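Work through the exercises below with the sequence and the 3D view open. Try each task before reading its solution.

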Amino acid sequence: MCGIVGLFLKDRSLQPELGSLLSDMLVTMTERGPDSAGIAIYGADSGAEGRLTIQADDRGTDFDAVAARLGEIAQARVTAHRRDSHAVLVCPPAAVDAVREALERTFPEITLMSFGSNIEIYKETGLPSDVVDRFGIRSMGGTHGIGHTRMATESAVTTCGAHPFSTGADECLVHNGSLSNHNRLRSGLEREGIRFATDNDSEVAAAYLSGKMRDGADLGEALNAALSDLDGFFTFVVGTRSGFGVVRDPIACKPAVMAENDRYVAFGSEYRALAGLPGIEDARVWEPEPATVYFWSHRHAAA
Amino acid sequence: MRRLDLAETPLREVNAALQVPVSGETSWEIVNPRGAHALAVGLDAPIDVGIRGSAGYYCAGMNKQATVHVHGSVGPGVAENMMSGTVIVEGDASQYAGATGHGGLLAIKGNASSRCGVSMKGIDIVVHGDIGHSSAFMAQTGNLVVLGDAGDALGDSIYEARLFVRGSVRSLGADCVQKEMRPEHLELLARLLDRAGADARPEEFKRYGSARRLYNFDVDNATSY
């Protein structure tokens with residue numbers, strides 16, 4: 001099982017509603033996976049800010065103190081904006097890598113969920129409705145976002161084992177399915193210097209795509225390469241700084257339905273997830289073809 | 001006609017009302033389905049049910065006698081294991097439409113995706129658009145008619161079901177071959193197209209079926225299918 005939702009907005013006037021629309025979509029998919037839930041949300045991208053989402057199990061963590069210490073080490077202004085167990089650190093774009101390194105060395109008990117310029121990831125164990133409320137997702141705006149509710153099969157039910165997985169700047173992936181060659185792929189990626197936070201098969205898929213994009217592939221090319229190199233069942237929805245992509249394995253057992261109109265492109269594991277979107281009655285609704293890459297980009301849309 | 005609103009009436013109550021139509025009401029309309037699963041399943045009376053919108057998984061599953069008309073699209077497993085009656089889908093159908101069906105007619109006006117008619121056992125399926133890969137896998141008997149194209153591995157490990165495709169077939173599955181279209185097949189196809197309201201001429205289709213090399217076909221049993 002597992003439930004996936006995704007929403008890529010074309011109409012700017014819908015941007016303030018992104019969190020609310022995505023939350024409703026995800027909560028509708030609760031029956032597909034009650035173990036953990038998560039959302040990646042791509043907010044305003046001014047290019048003037050770097051942001052890192054971090055998470056601490058210790059409820060007493062003083063994120064302001066963490067930000068101050070990281071700022072000292074990275075020699076940059078770092079501020080923290082707390083949301084429940086998570087916090088978004090904001091710093092100058094050029095300082096993101098230095099803050100990441102400082103975080104890893106200085107605060108090993110704190111987990112990095114995402115980094116980049118406009119991505120924020122919030123994920124925890126529990127039902128989608130609880131997770132969405134804890135982080136106040138409904139009040140968040142943005143350009144595109146992805147949500148996942150998990151029925152765990154391949155690895156433990158933990159915060160880090162929740163989706164989305166992020167393995168590159170402003171990149172994230174959610175997965176419905178299970179990969180059969182993830183162990184071998186993981187060793188190959190580890191040899192190239194990529195480090196993994198979990199034993200999860202989906203994290204390997206995320207790292208695989210990040211590796212391809214680091215080598216110069218665009219999202220579409222990376223997803224096409226995944227069709228040759230990944231073995232197993234998958235429906236992936238992938239987010240990047242400006243884009244949103246979908247691919248299903250050639251057998252296509254894992255469900256997927258998409259909708260597009262002038263205002264948005266939407267993805268759901270089931271039509272139920274899309275039924276509440278504005279104007280869905282007249283949108284083009286279709287089932288993505290097996291082994292076929294779909295992607296949309298705000299950059300392309302603007303060009 | 002009686003109208004049931006899924007925005008107000010729980011799914012189980014809607015299904016219960018349709019399954020045991022004690023009122024003698026023969027015509028029903030369901031509004032606000034919003035992709036609900038298992039809608040209008042297990043019907044066993046000669047009633048007409050119109051669904052205004054798109055339904056989810058297993059719509060009209062196990063149908064007997066009833067006519068279910070969906071004015072929208074359906075999720076996986078529409079008319080699964082249908083015994084008799086008619087199911088019409090105005091939009092598209094997702095995976096395994098009409099799977100394991102024993103009888104009745106399933107007409108899909110849009111496209112069906114993968115595994116359409118998998119293990120069909122006597123149902124007639126007419127798809128006005130295309131069908132996806134692995135359709136009619138292990139299909140035992142009944143007829144699958146496709147006005148558009150078929151995906152990969154059509155009729156893999158097929159038994160005695162008859163497949164009629166007007167468009168292209170991306171590939172045939174194991175033991176599935178193109179067969180001669182004889183007069184009795186043209187007659188059969190004309191009847192199916194007519195029942196499904198499909199505007200196509202039987203002469204435009206090709207017939208596919210089992211080469212009978214993969215399973216132990218005994219000619220003495222030919223009339224059983």
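**Exercise 1. Find which residues line the largest cavity, and sort them by element and class.**

Solution. Keep in mind that this is a predicted model.

Step 1. List the lining: A:F165, A:S166, A:T167, A:E171, A:C172, A:L173, A:A206, A:L209, A:S210, A:M213, A:V238 and A:G239.

Step 2. Assign the residues to elements. In chain A, β9 (172-179), α6 (201-214) and β10 (232-239) each give two or more residues to this lining. The largest share, four residues, comes from α6(A).

Step 3. Sort by class. Seven of the lining residues are nonpolar, four are polar and one is charged.

Step 4. Add the volume, which is about 40 Å³ for the largest cavity. The structure holds one cavity of 30 Å³ or more. As background, rolling a probe the size of a water molecule over the atoms shows where empty space is left.

**Exercise 2. Describe the largest pocket by its volume, its central residues and its lining.**

Solution.

Step 1. Start with the volume, about 1000 Å³ for the largest pocket.

Step 2. Look at the centre. The pocket is lined by 34 residues, and the closest to its centre are A:R100, A:E104, A:L112, A:F115 and A:R195.

Step 3. Name the elements. Those of chain A that supply two or more lining residues are α3 (96-106), β6 (110-116) and α6. The largest share is that of β6(A), with six residues.

Step 4. Count the classes: 16 nonpolar, eight polar and 10 charged residues line the largest pocket.

**Exercise 3. Characterise the contact between chain B and chain A.**

Solution.

Step 1. Count the residues on each side. Chain B brings 13 residues to the contact and chain A brings 15.

Step 2. Give the area. The two chains, B and A, bury about 970 Å² between them, with 47% of it on carbon and sulfur atoms.

Step 3. Classify the side of chain B that touches chain A: two residues are nonpolar, eight are polar and three are charged.

Step 4. Check for charged and polar pairs. Between chain B and chain A there are zero salt bridges. Across their interface, 10 residue pairs are in polar contact.

**Exercise 4. Explain why the salt bridge of A:R134 links separate parts of chain A.**

Solution.

Step 1. Identify the partner. A:R134 forms a salt bridge with A:D84, and their closest N and O atoms are 2.6 Å apart.

Step 2. Place both residues. A:R134 lies in helix α4 (residues 128-135) of chain A, while A:D84 is in the loop between β4 (79-83) and β5 (86-91) of chain A, so the pair ties together parts that are 50 residues apart in sequence.

Step 3. Set the pair in context: over all chains, the structure holds 25 salt bridges.

**Exercise 5. Locate the cis peptide bond before A:P164 and the positive phi of B:T100.**

Solution.

Step 1. Recall the background. Most residues other than glycine have a negative phi, and most peptide bonds are trans.

Step 2. Examine the peptide bond from A:H163 to A:P164, which is cis, with omega near 0°. A:P164 sits in the loop between β8 (144-150) and β9 of chain A.

Step 3. Turn to B:T100, a residue other than glycine whose phi is positive, near 60°. B:T100 belongs to the loop between β5 (86-89) and β6 (105-108) of chain B.

Definitions and conventions: Residues numbered from 1 in each chain as written. Chains lettered and ligands numbered in written order. Predicted model: local features only at pLDDT ≥ 70, side-chain atom pairs only at ≥ 80, totals over all residues. Heavy atoms only, no water. 1 Å grid on protein atoms, 1.4 Å probe; cavity = no way out; pocket = protein on both sides within 12 Å on 5 of 7 lines; lining within 4 Å. Points joined across faces, edges and corners; volume = space filled by probe spheres on them. Nonpolar A, V, L, I, M, F, W, Y, C, P; charged D, E, K, R; others polar. Contact = heavy atoms within 4.5 Å. Buried area = accessible area lost by both parts, 1.4 Å probe. Salt bridge = Lys/Arg side-chain N within 4 Å of Asp/Glu carboxyl O. Polar contact = N/O pair within 3.5 Å; in protein donor to acceptor, adjacent residues only side chain to side chain.
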